[in-house]
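Q: Could you take me on a close look at one part of this model, and show me how that part sits among its surroundings? I am new to this, so a friendly walk would help.

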Amino acid sequence: MPENLAPKRFTIPIGPQHPALKEPGHFQFTVDGEVVTSAYVRLGYAHRGIEKAAEERTWIQNLYLIERICGICSHIHAMAYCLAVESLANVEAPPRAQAIRVLVAELERIHSHFLWIGVSAHEAGFETLFMYSWRDRETVMDLLEGLTGNRVNYSANLLGGVKFDLDQAQMDSIRKGVDFLEERTHHYLDVIMHDSTFLQRTRGIGVMTTAQAEVMGAVGPTARASNVKRDLRVEAPYSAYKTFPVQMALDTRGDLEARFEVRLNELFESFRLIRQILDNLPEGPLVARIPRRIPAGEAVVRLEAPRGEVYYFVKGNGSDKPERLKVRTPTICNLTSVIRLAVGHQLADVPMILAGIDPCFSCNDRMVQVRDAATDSQKMLTWEQLRQHGIDFYRSKAK
Amino acid sequence: MEPKKNVWDEVVKGLKTWARVNSPWVLHFNSGSCNGCDIEILSTLTPRYDMERMGVKLQASPRHADILLATGAVTRQARERLVRIYEQMHEPKFVIAIGSCAISGGVFEGCYNVMGGIDQVIPVNAYIPGCPPRPEAIIYGVVKLLNSLLPAGSQIPAALPVPENTPEEVTTL
Amino acid sequence: MNVFLGISSLLIFPGGLFLVVSGLLYEWADHKMLALLQNRVGPRWFQPFADTLKLLIKEEIIPDGVNPFMFVGLPLVALAGALTAGLYVPLAGLAPTFGFPGDLIVVLYLLSLLTLGIGLAGANSLDRFSLIGATRTLTQVFSYEAPFLLALLGPAMVAGSWQIGKITAYAASHWLILTQPLGFLVALIGLMGKLELPPFDAPEASTEIVSGAMTEYSGRGLAIFNLGRAVELVVGLTLVSAFYLGGLSNPLWFLGKTLVLLLALVGIQSLLTRLRIDQTVGLWWRYGVLLVLVQWLIVILFRGM
Amino acid sequence: MNSQEILTLAEAIVGAWDWATEVSHPRPNQIDVKVTHLNELVPIVVGLRVKRLGYLCAIVGLDLGPEVNEMEVLYHFCPGDVVIGLRVRIPRQGGAVPSLSEVIPSAEVFERELHEMFGIEITGLRNTERLYLPERWPEGVYPLRKDFDPASLAAHEGGV
C-alpha cells in the first residue's frame, strides 16, 4: 500500500457521478473509520449560466428557459417568473387561470414528494419502497400528462394565464387519482412511522434544532420539521392561495423521521386543496393580455416550491428583454445547514442526510457553497492538511 | 478468395454478441441536465416500465457498465469528469445521449458555461431526442442500439408476449 | 474406472459444472422472486448466464497501485473455496460425494474463504470505496460467523456427529425445524448475512460506497466473484434445508424445499432496509448469539433428560 | 406580528436618528431603503436582526452599465409577507461592500456568488474560493457584468 494512503482517515468523494446522487454534486467527507469528521460540497456541475442567458432572450422566450431550471419543480419556476412579470406589467391573471396554476402546483408537489420518498428509500437501501412509491407516482404523472400533455416540464404557464382548460372528464379523473394517492399516502405514512429497520435509519439522525434551522436559514419542509413556521402559502399567500387557504404541517423533533412525516402530512393538505379547487373552480377567461414590452421597474416574488421558498427578482428596462433576472432556490439554504449536520454521523447515514433535504442540484447550481481550496479532487492533499482545515473551519464557525 | 467460413468462429462470435446484447449494464451520468431526463431514466427501472426484463441493470461503478446514459448539456465543470468516466469504462462500451440537451445543448445552447452536446466531448453511439424523452422512448432507443449489434434482420426477443391485435409496425422495432 | 468416476463427480455432476449452473439458476430465481414481490416483471431465465458470459469477454484492466497477482488470484481462490465446499454438501438431495468426521467445520471454513477473498480483494486497491468496503466485509464476517456456526452445530449435537452425511441421515427421520425452531431462524438469518443479501448488504451498499470491494473489478474478476457468490448461495441453501427440513429425499422434493427456503429469504430481503454496519454487528451479538445459546440450552436439557 | 406592525417596526429601525437613508414604498408590502454611507449597512442589518426581522432572502447584484459606471447591491430581508430592501451603490471598478456573514451565517453563500459573478470585493468574507464557475475559469472575467462577452472566454481557455 503506497505510504500516503495508509492514513487513519480518508476523504470519501461522493459524486459527481455517484449512485446516491441522481444529479452531479461533489461532496467530500473526511471520515475517521466510519465517522465523518468534516464535510464540504463542491457543486457547479449543473451550473449552465441561466441568469446571463435570460438577459439575451425576450420575456416570452425566457419562459421556456426558466421551465428547464429544474425538471422536478419546473411549474413553480415558471409560475414565479410569470407572477413577477405580471406584477411588473401590473396585469392580474384571471381567477380561473390562478386556480388552475395552483392546481398544477399542488399536483407537482405530490409528484415531487412521491419521487422523494422513493429516492431516499433507495438511499437507505429499502428498494421495495422505492419501487412501490415510484409505481404510485405514475398515477400523478398520468394526471399531469392528461392535463398538460407532458409528464415532466409540462409548461402549463403563459405570461398572463394558463394554456389549457379543464373539462368535466379531466376533473373526475383527477378526483379518482387523488383518492387513490391519498389512500397510498396513508400506507406510506404507516410504513415510515412503524417499520423498525427503516426507523433505525431515520430516527434521531441528522437532528437540526429550531435555533440552528433559524440561524442557518433553512426553508421548506426541512425547516418545518424543526418547528420553524416558514410556509409562504400560509405567511404570504399568493395568487389563488388567498381564496383557498392552506394549513402548515409542523413537527418538533427535527430529525430525518420528522422530515419524512412533514412531507407526507403536507400531501394530505395538497389532496384537500385539489378537491376544494375542483369543487369550486371559478369561471372566466384563461389568459389576460400582456404587452410585449414590459414597463421598467423591479419585482420580487416568493413562492413555496416542494423543497422550500424560491425567490425571484426581475428588473425590466422597458424593452422586450429583462435587464436582470435573479433566482434563489431553496436547496442552497438547506444545503449549507445540512453539510454541517453531517459531521459526527456515520458515513452510512450521509446519503440519507443528504436525501433528507431533497437536494435539487439543477435548481441549486445556479449557486453553491464551496469550502475547500479550489483543488482538483483527484490531487491527493495530505490528509493532515485536509483534516486540520476541516477542524479549524468548524471550530471558528462554532465560536 | 473469401476466407473459408470456420463454423467454430461463427458460433463463438454469435455467442459473444448474444451475451453482450442480452445483458447491457447501464451507468447514468448527468453532466449538467435539469434532471428531467434523469427522473425519466429512473422511472424506466420502476415497475411500470421495468428495463430489467431486457437485462438492463443500473450499475454503480463505471467499471461494471457497458452503456453510459449521458444526460444534460456538458457544463465546463462536468466536462473532464465525463471524459474520465468514459475512460474508466471497459471495452466494448457504448454512449447514449438522452434528451435534447445531451444532443445539442438544447435550450441552454449559447450559455457561457455550457459546451453543447455530449458528442463534443465523447463519441456517442445513439441519440434519444425529447425534453425529456418518455420512458418508452428511452427503452426504444436502448433496444434499437442493441438491435444494431445483432446481425442484420434479427431482433431481441420481445420480453413480454405481444397481444394479438397489435398492428404490424408496432412489433417490429 | 474409479478415477474416471472421481473426475466426473468432481467436474460434471455434483461438482463444478452442475454446481455453477444450479448456482446461476438459483440466482435467477432469487432476482425473479424479488422482482415479483416488488411487482416488476424481473429478468429472463438466461439472464445470469448472459451476465457472466458478457463479463468474461469484457476488456481486462488491472488498475495501478494494485498487486497484480492478488488482483487476478483472489477471485480464483474465492471460487475454488466455494466449489470445494460444494463437494461435502448433499446437493440435489443425494448423499454428499465425500465425507469425513468434522467436514461441517471444513465446509463453513471454505465458505468464509470466499468472503475473505472478497475482503482482501477490496483491501488490495487504491480506491477508497473498496478500502471501506473491505473493512465492512471483514467486520461483518465476525458478526454472523459465530451464531451461524452454532446454529448449524445444534443438529450436529442432536445427531451426535460432526459429519454432514450422518447429520442429514439423522435429520431425515425427524424434522429438526420442529424441535429446534430458534436454531433454524438463526441459521436462516445467518445465511442472509453470509450471502450479504439486504438488510446485510452494507459491504456493497451501492448508494454509499459505489460497490464496496468490487468497485475496481470488472471482466473476469467480477464474473468469477459472482460465480463464487452463486455457488455459495446453493451450498448455503442445501446445507440449511438438509439439516432443518428433513435431510435427504428425491431431488425434485429437495429442490422444492430449497426454493421454499429461498422464497423465505427473498421475503425477508424485500421487507427490510439496509442496516448500517454497526447495527448489523449489534444485532448479531445482541440477539443472534442469545437465541442460539437458548436453543443449545433447550437441546442439552431435552437430551439430558 | 401582522404585516402592518412589521412595516411600522421596519420603518422605525431604518429611519432611526441619523442614518443617511431615503425610504420609499414602491409596493404595498415593500420598503425600499437607499443606504448612502457604506459603513451604516451592517448596523442596520444588526438592528433588523435584533428585532427578528433579519431573515435574509437574497443578495442581488445589478450592473447599471459602463456608461453610469456604477453597480448596485440589493439586500432583501423578508419577514412574513413584508419585503425590506437595502440598496447600496458602489463604483463599478474596485467597489467594495462589507460582509454580513458575521451577523447572518447564511449570507456567506450569497456574497460569494456576488463576488464571483460581478467582481465586487466583499471585505471581511472568510473564504472567496471559486463558487459555481469551473475551476479553470480565467481570473478577472465576471460573467454577469454587462460588458462580458463569451468570445473572450474562449480566447482565454483556448476553447476548453
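A: Here is a walk that starts with the sheet of chain B and then moves outward to the other chains.

Keep in mind that this is a predicted model. Let's begin with chain B as a whole. Its secondary structure comes to six helices and five strands. If you follow the sequence from start to end, the helices and strands come in the pattern α-β-α-β-β-α-β-α-β-α-α. Of the 173 residues in chain B, 53% are buried. Chain B also has many links across its sequence: among contacts between residues at least 6 apart, 77% join residues at least 24 apart.

Now find the sheet. The five strands of chain B form an open sheet with parallel pairing, and their order in the sheet is 2-1-3-4-5. What stands at the edges of this sheet? They are strand 2 (57-58) and strand 5 (126-128) of chain B. Each has a single partner strand, so one side of each is left without a neighbour in the sheet. As background, strands of a sheet pair through backbone hydrogen bonds, and the pairing can be parallel or antiparallel.

Let's zoom in on one pair. Strand 3 (residues 67-71) and strand 4 (residues 94-98) of chain B run parallel and are joined by five bridges. Within this pair, Leu68(B) stands opposite Val95(B), which belongs to strand 4 of chain B. Next to look for is helix 5 (residues 135-149) of chain B, which lies across strand 4 and strand 5 of chain B. This helix runs at about 165° to strand 5 of chain B.

Leu68(B) is worth a second look. The largest nonpolar core has 285 residues, and Leu68(B) is among those that touch the most other members. The others in that group are Ala80(A), Ala84(A), Tyr312(A), Val107(C) and Ala187(C). In chain A, this core draws at least three residues from each of domain 1 (3-46 + 332-398) and domain 2 (50-331). What does Ala84(A) contact, once its neighbours within four places in sequence are left aside? Its partners are Ala299(A), Val301(A), Tyr312(A) and Val314(A).

From the core we can step to the place where chain B touches chain A. This contact takes 33 residues from chain B and 31 residues from chain A. On the side of chain B, strand 1 (25-30), helix 2 (36-44) and helix 3 (76-88) each supply at least two residues. Which element of chain B gives the most to this side? It is helix 2 of chain B, with six residues. Sorted by class, the side of chain B that touches chain A has 16 nonpolar, 12 polar and five charged residues.

Chain A itself has 15 helices and eight strands. Of its 399 residues, 60% count as buried. For contacts in chain A between residues at least 6 apart in sequence, 71% join residues at least 24 apart.

The two domains of chain A also meet: 25 residues of domain 1 are in contact with 33 residues of domain 2. On the domain 1 side, helix 12 (330-341), helix 13 (350-356) and helix 14 (361-364) of chain A each give two or more residues. Helix 12 of chain A gives the most to that side, with seven residues. By class, the residues of domain 1 that touch domain 2 divide into 14 nonpolar, seven polar and four charged.

Finally, let's visit a residue of chain C that reaches back to chain B. Leu53(C) lies in helix 3 (residues 47-56) of chain C. Is Leu53(C) buried, exposed or partly exposed? A residue needs 20 or more C-beta neighbours within 10 Å to be buried, and 12 or fewer to be exposed. Leu53(C) has 18 C-beta neighbours inside 10 Å, so it counts as partly exposed. Leaving aside its neighbours within four places in sequence, Leu53(C) is in contact with Leu15(B) and Ala19(B). Leu53(C) and Arg220(C) are 167 residues apart in sequence, yet their C-alpha atoms are 9.2 Å apart in space.

Conventions
Residues numbered from 1 in each chain as written. Chains lettered and ligands numbered in written order. Predicted model: local features only at pLDDT ≥ 70, side-chain atom pairs only at ≥ 80, totals over all residues. Helix = DSSP H or I, 4+ residues; strand = E, 2+ residues; numbered from the N terminus. Contact = placed C-beta atoms within 7 Å. Pairing = 2+ DSSP bridges. Axes fitted to C-alpha atoms, helices over the stretch in contact; angles between N-to-C directions. Core = buried A, V, L, I, M, F, W, Y, C linked by C-beta atoms within 7 Å. Domains from an automatic or database assignment. Nonpolar A, V, L, I, M, F, W, Y, C, P; charged D, E, K, R; others polar.
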